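I opened this model to go through its fold, its sheet, its salt bridges and its main pocket. These are my notes, in the order in which I looked things up.

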Amino acid sequence: MAIADRTTRTVWEGPLATGSGRLESGSGALTGLDVTWAARTEQPGGKTSPEELAAAAHSSCFSMALALKLGEHKVEPQRLDISATVTLDEVDGLPTIVSSALEIKAEVDGIDAADFQKIVDEAAALCPVSRLFAGAKISVNAQLLTRESA
């Protein structure tokens, strides 16, 4: 039995270059988001793209994995600021998602940078979205902030 199933539907109308789609999600959180090819490859103009949605999935999933792993090591994050940049590029003449770069800034008391990096590595191995992107290049740049640098 699955832990969870979530569904989002996109209704697309028109040709790729001038058409558009609108998302409808089971939770309602994504319902009404518009997608277009131009928003995907040029300027977003208030619309989203599969890459932006993938980046949202990756940053939110990784934040949960890292919070879990920190807790397992008996430290609690005060703040995790995690961004993901998903890149669409051409590979063998086909548009392909080639990477997801995670940037992490974390405020966690009671841990040093070396132990923090080990826990980040554990989170990277745990995150289901990272495993989904296993064929893409995933980079993680993690920074443990002290109260002085935050």
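Before starting I fixed the terms for accessibility: I call a residue buried when its relative accessible area is under 20%, exposed when it is over 50%, and partly exposed in between. The model is predicted.

**Entry 1: overall layout**

I began with the secondary structure and found four helices and six strands. Read along the sequence, they follow the pattern β-β-β-α-α-β-β-α-α-β. I then took the extent of the C-alpha trace, which spans about 55 × 35 × 30 Å along its principal axes. The protein has 150 residues, and buried residues make up 28% of them.

**Entry 2: the sheet of β1, β2 and β3**

I looked up the strand order next. Three strands form an open sheet in the order β1-β2-β3, with antiparallel pairing. β1 and β3 are the edge strands, and each of them pairs on one side only.

I counted the bridges for each pairing. Strand β1 (residues 8-13) pairs with β2 over six bridges, in the antiparallel sense. Two bridges join β2 to β3.

For the register I noted partners by residue. Glutamate 13 has serine 20 of β2 as its bridge partner, and tryptophan 12 has glycine 21 of β2. On the other pairing, arginine 22 is bridged to aspartate 34 in β3.

The hairpin of β1 and β2 has six residues between the strands. In that hairpin, glycine 14 takes a positive phi near 95°.

I also asked which side chains of β2 point to the buried face. They are Gly21, Leu23 and Ser25. Ser20, Arg22 and Glu24 point to the other face and are not buried, so the side chains alternate along the strand.

**Entry 3: salt bridges**

A search of the whole structure returned four salt bridges. I wrote up three pairs, starting with the one in the sheet.

Arginine 22 forms a salt bridge with aspartate 34, and their closest N and O atoms are 2.8 Å apart. Arginine 22 lies in strand β2 and aspartate 34 in strand β3 (residues 34-35), so the pair ties together parts that are 12 residues apart in sequence. These two residues are also the bridge partners noted in the previous entry. Arginine 22 is partly exposed, at a relative accessible area of 45%. Aspartate 34 is partly exposed too, at 25%.

The next pair is arginine 40 with glutamate 51, where the closest N and O atoms are 2.6 Å apart. This pair links distant parts of the chain, with arginine 40 in helix α1 (residues 37-41) and glutamate 51 in helix α2, 11 residues apart. Is glutamate 51 buried or exposed? Its relative accessibility is 6%, so glutamate 51 counts as buried. Arginine 40 is partly exposed, with a relative accessible area of 30%.

The remaining pair I wrote up is within a helix. The side chains of glutamate 72 and lysine 69 meet in a salt bridge at 3.0 Å, N to O. Glutamate 72 and lysine 69 are three residues apart in helix α2, so about one helical turn separates them. Lysine 69 has 16% relative accessibility and therefore counts as buried, whereas glutamate 72 has 45% and counts as partly exposed.

**Entry 4: the largest pocket**

I ended with the largest pocket, which has a volume of about 450 Å³. I asked which residues lie nearest its centre. They are Arg6, Leu30, Ala56, Ala57 and Ser60, out of 17 lining residues.

I then sorted the lining by element. Those that give two or more residues are β2 (20-25), α2 (50-72) and α4 (128-132). α2 gives the most, with six residues. α2 is also the helix that holds glutamate 51 of the second salt bridge in my notes.

By residue type, the lining divides into 10 nonpolar, six polar and one charged. By domain, the lining draws at least three residues from each of domain 1 (8-41) and domain 2 (50-145).

Methods. Residues numbered from 1 in each chain as written. Predicted model: local features only at pLDDT ≥ 70, side-chain atom pairs only at ≥ 80, totals over all residues. Heavy atoms only, no water. 1 Å grid on protein atoms, 1.4 Å probe; cavity = no way out; pocket = protein on both sides within 12 Å on 5 of 7 lines; lining within 4 Å. Points joined across faces, edges and corners; volume = space filled by probe spheres on them. Nonpolar A, V, L, I, M, F, W, Y, C, P; charged D, E, K, R; others polar. Domains from an automatic or database assignment. Buried < 20%, exposed > 50% of the residue type's maximum accessible area, 1.4 Å probe, protein only. Pairing = 2+ DSSP bridges.
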